[in-house]
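Please open the structure in a viewer and keep the selection panel at hand. The tour begins at the ligand and then turns to the aromatic rings.

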Amino acid sequence: YPITTDMATLTKEIEKFATNKKLEIETLKIRENYRKEFIGNVSHELKTPLFTVQGYILTLLDGAMEDKNIRKKYLNRAGKGVERLIYIVKDLDMITRLEAGDLNLHIEKFDIIELVQNVFDLLEMKAAKKQISLAFDMNYTKPIMVSADKERIQQVLTNLIVNSVKYGREKGTTEISVENLIRNKVIVRVTDNGEGIEKENIPRLFERFYRVDKSRTRKEGGSGLGLSIVKHIIEAHNEKIYVESEYGVGSEFSFTLEKAE
Ligand code: ADP
């Protein structure tokens, strides 16, 4: 390669070959940078909880073990750190599979209202800690059947509702609505009256590890992967996700789903 006898064509072929090679090298470089950045981010995310756990263990070994109350408190905190590590690793596993297109969707028909209710039940305690109420914005008397991967959509709802609680104000509300859209689609909205997001941060929200306020959200215990997982899952369904937010007023995350007969 390239096989030709004509000199002009040969020169052109060689130039094309060189350009292709250059492009190939550029692509490899971009991929390599992406990989490096990912590994950098991952180790950074793991470092904080690992050091926390190590800190508690060292303090216990250093004598804190003698006191029964302190021992219990520190073991509890170390346990929380390990729990956080497990969440991060699970999210990492999920994002890696989603990015590799390695996640087979199991499409089934289910009632989205019932699924939201299940997620509410699971998150009730978490919301109650901040006295945030989780509710539908209207009475749904009939099921609304959709076609999607139920488990993944449960994860989408969980991530969005957890965020609305994390970034919600004390005694605030998170409301869910499900509405018919044109052409066999429904739109599910998760609306909070929390802190909202400044305009300039909105375009970056769905990036891996992106957080508006790093120190604050670490304290809240997220991996910074929640929204990027949500976006991948919705896009894997060939559906759309939207965000509208006003700083100091609240946010609304919404996504479309296919209606089932
Ligand atoms: P995290 O683990 O930090 O919560 P996410 O990917 O779920 O990661 O969210 C990314 C960032 O988007 C959050 O750190 C937060 O700054 C912002 N965010 C997400 N949901 C909301 C919301 N409902 N209200 C305000 N800010 C939000």
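Select Asn163 together with the ligand: a polar side-chain atom of Asn163 lies 2.9 Å from an oxygen atom of the ligand. The model on display is predicted. Add Arg211 to the selection; one of its polar side-chain atoms lies 3.4 Å from a ligand oxygen atom. Ser223 comes next, and here a polar backbone atom is 3.1 Å from an oxygen atom of the ligand. If a surface is now drawn, the ligand should appear well enclosed, since on its own it has 540 Å² of accessible area, and the protein covers 98% of that.

Widen the selection to the 20 residues around the ligand; those that come nearest are Lys166, Tyr167, Asp192, Gly224 and Leu227. Coloured by class, this shell divides into eight nonpolar, nine polar and three charged residues.

Which elements each supply at least two residues of the shell? Display helix H4 (150–166), helix H6 (226–236) and strand E7 (250–259) to see them. The largest share, three residues, comes from H4.

Leave the ligand and select the aromatic side chains. Across the whole structure, a search finds five aromatic pairs. A pair of aromatic rings is described by the distance of the centres and the angle of the planes.

Centre the view on Phe38 and Phe209. Their ring centres are 6.0 Å apart and their planes stand at 50°, so this pair is tilted. Planes between the limits of 30 and 60 degrees fall into that class. Phe38 belongs to helix H1 (residues 7–61), whereas Phe209 sits in the loop between strand E5 (185–192) and helix H5 (214–220), so the pair ties together parts that are 171 residues apart in sequence. Are these two residues buried or exposed? Both Phe38 and Phe209 are buried.

Move on to Phe206 and Phe253, an edge-to-face pair with 6.4 Å from centre to centre and 80° between the planes. Phe206 is in the loop between E5 and H5 and Phe253 is in strand E7, so the two rings tie together parts that are 47 residues apart in sequence. Phe206 is buried, as is Phe253. Strand E7 has thus been visited before, as one of the elements that supply residues to the ligand shell.

For the last stop, select Phe120, Phe136 and Tyr140, which form one aromatic cluster.

Methods: Residues numbered from 1 in each chain as written. Predicted model: local features only at pLDDT ≥ 70, side-chain atom pairs only at ≥ 80, totals over all residues. Heavy atoms only, no water. Near = heavy atom within 4 Å. Polar contact = N/O pair within 3.5 Å; in protein donor to acceptor, adjacent residues only side chain to side chain. Areas by Shrake-Rupley, 256 points an atom, 1.4 Å probe, with all protein chains shown as cover. Helix = DSSP H or I, 4+ residues; strand = E, 2+ residues; numbered from the N terminus. Nonpolar A, V, L, I, M, F, W, Y, C, P; charged D, E, K, R; others polar. Phe/Tyr/Trp six-rings, centres within 6.5 Å; stacked < 30°, edge-to-face > 60°. Buried < 20%, exposed > 50% of the residue type's maximum accessible area, 1.4 Å probe, protein only.
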